[in-house]
Amino acid sequence: SVITINDTSTGTPEPIGYTEFDLKVSSTPSGLTYVPSQSTLSTQFSSTYGWQTAGNASGSTYELYTTNFFSGDHLFECTVLFANSCSDPAIAIWTSGTPSWQWGTNSSRISLQQNCTTPYLYGTSQQSSAGSSTPTNSSLPITLHLHHQPSLSRTRAWVTTIADDWGNETNSRVGSIMQISNNYGSTAVRCGLSSDYDNASLSSVSTNFTKWRITPG
């Protein structure tokens, strides 16, 4: 399911205008495009475990992504189970086409990826590392935060070890905030998810994404 909120309440409101996808569903939520077509990558929706991914993603396109494009500054975030030290989840943005999973920089996308235990922000020509290791736990998730800020000519990213901690930059963060220069300008972007969990199969401890949030600003 998808929830779009415009909260004008007082007190401590949720961010205005965020879009949230609950991925613990049996079929593709409205607002997302799902193209399961890769021979070496297995994916499926599960109402128990979320959007499950496993297998070798190298060369495979991102199978799940937003149907719409997002213009201007946006914070793209997802919560995912990090049950294995090389389950390698990723959240990525791009301006056209559907890019393939790649390690390192690539002209087709900007991606926040776990490279085994170390988070990396891989841009089109620059990369940055968090410089610390994300702890592996077979029952606790992590949250990936990808903050695209064309107004400041930069893209930032970080990983936290708390589920659904939207917007959190400090508590339980893994290492440093990563940053690269933005070369997309004001071009609108799509956002997608994937993983590269080699030699794994779909299960309760595959790379399972449970929630996805996109917030302007």
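## Salt bridges, disulfide and sheet in a predicted model

Glu 169 has a relative accessibility of 27% and therefore counts as partly exposed, where buried means under 20% relative accessible area, exposed over 50% and partly exposed in between (1.4 Å probe, protein chains only). The model is predicted, so local features need pLDDT of at least 70 and side-chain atom pairs count only at pLDDT 80 or more, while totals for chains, interfaces and linings use all residues. Residues are numbered from 1 along each chain as its sequence is written, and side-chain values use heavy atoms, with hydrogens and water left out.

**Salt bridges**

A salt bridge is a side-chain nitrogen of Lys or Arg within 4 Å of a carboxyl oxygen of Asp or Glu. The count by this rule is 3, as tabulated here.

| Pair | Closest N to O distance |
|---|---|
| Glu 20 and Lys 211 | 3.9 Å |
| Arg 213 and Glu 20 | 2.7 Å |
| Arg 156 and Glu 169 | 3.0 Å |

Glu 169 sits in the loop between S13 and strand S14 (178–181), and its partner Arg 156 in strand S13 (residues 154–160), 13 residues apart. Strands (E, at least two residues) and helices (H or I, at least four residues) are DSSP runs, numbered from the N terminus. Arg 156 is buried at 9% relative accessibility.

Glu 20, Lys 211 and Arg 213 form a network of salt bridges. Glu 20 belongs to strand S2 (residues 19–22) and Lys 211 to strand S16 (residues 207–216), with their positions 191 residues apart in sequence. Glu 20 has a relative accessible area of 10% and is buried; Lys 211, at 23%, is partly exposed. Arg 213 is also in strand S16, and is 193 residues apart from Glu 20. Both Arg 213 and Glu 20 are buried.

**Cysteines**

The structure holds 1 disulfide, defined as a pair of cysteine sulfur atoms within 2.5 Å. Cys 86 and Cys 116 are joined with an S to S distance of 1.9 Å. The torsion about their S-S bond is about 95 degrees, so the disulfide is right-handed. Cys 86 lies in the loop between S7 and S8, and Cys 116 in the loop between strand S9 (110–115) and strand S10 (118–122), so the bond ties together parts 30 residues apart in sequence. Cys 86 is partly exposed at 28%, and Cys 116 is partly exposed at 25%.

For Cys 78 the closest cysteine sulfur is that of Cys 191 at 7.4 Å, which is too far for a bond. Cys 191 is in no disulfide. Cys 78 is buried at 0% relative accessible area, and Cys 191 is buried at 0% relative accessibility.

**Thr 79**

Thr 79 is located in strand S7 (residues 74–81) and is buried, with a relative accessible area of 1%. A polar atom of the Thr 79 side chain lies 2.9 Å from the backbone nitrogen of Asp 164. Contacts (heavy atoms within 4.5 Å) of Thr 79, not counting residues up to four places away in sequence, include Pro 141, Ala 163, Trp 166, Phe 209 and Lys 211.

**Sheet**

An open sheet of 7 strands has the order S3-S6-S15-S8-S9-S10-S11, with antiparallel pairing; two strands pair if DSSP finds at least two bridges between them. Strand S3 (32–34) and strand S11 (127–129) are the edge strands, each paired on one side only. Strand S8 (residues 89–94) and strand S15 (residues 190–195) run antiparallel and are joined by 6 bridges. Ile 91 has Leu 193 in S15 as its bridge partner.

Notes:
A polar contact is a pair of N or O atoms within 3.5 Å; within protein, one must be able to donate a hydrogen and the other to accept it, and residues adjacent in sequence count only if both atoms are side-chain atoms.
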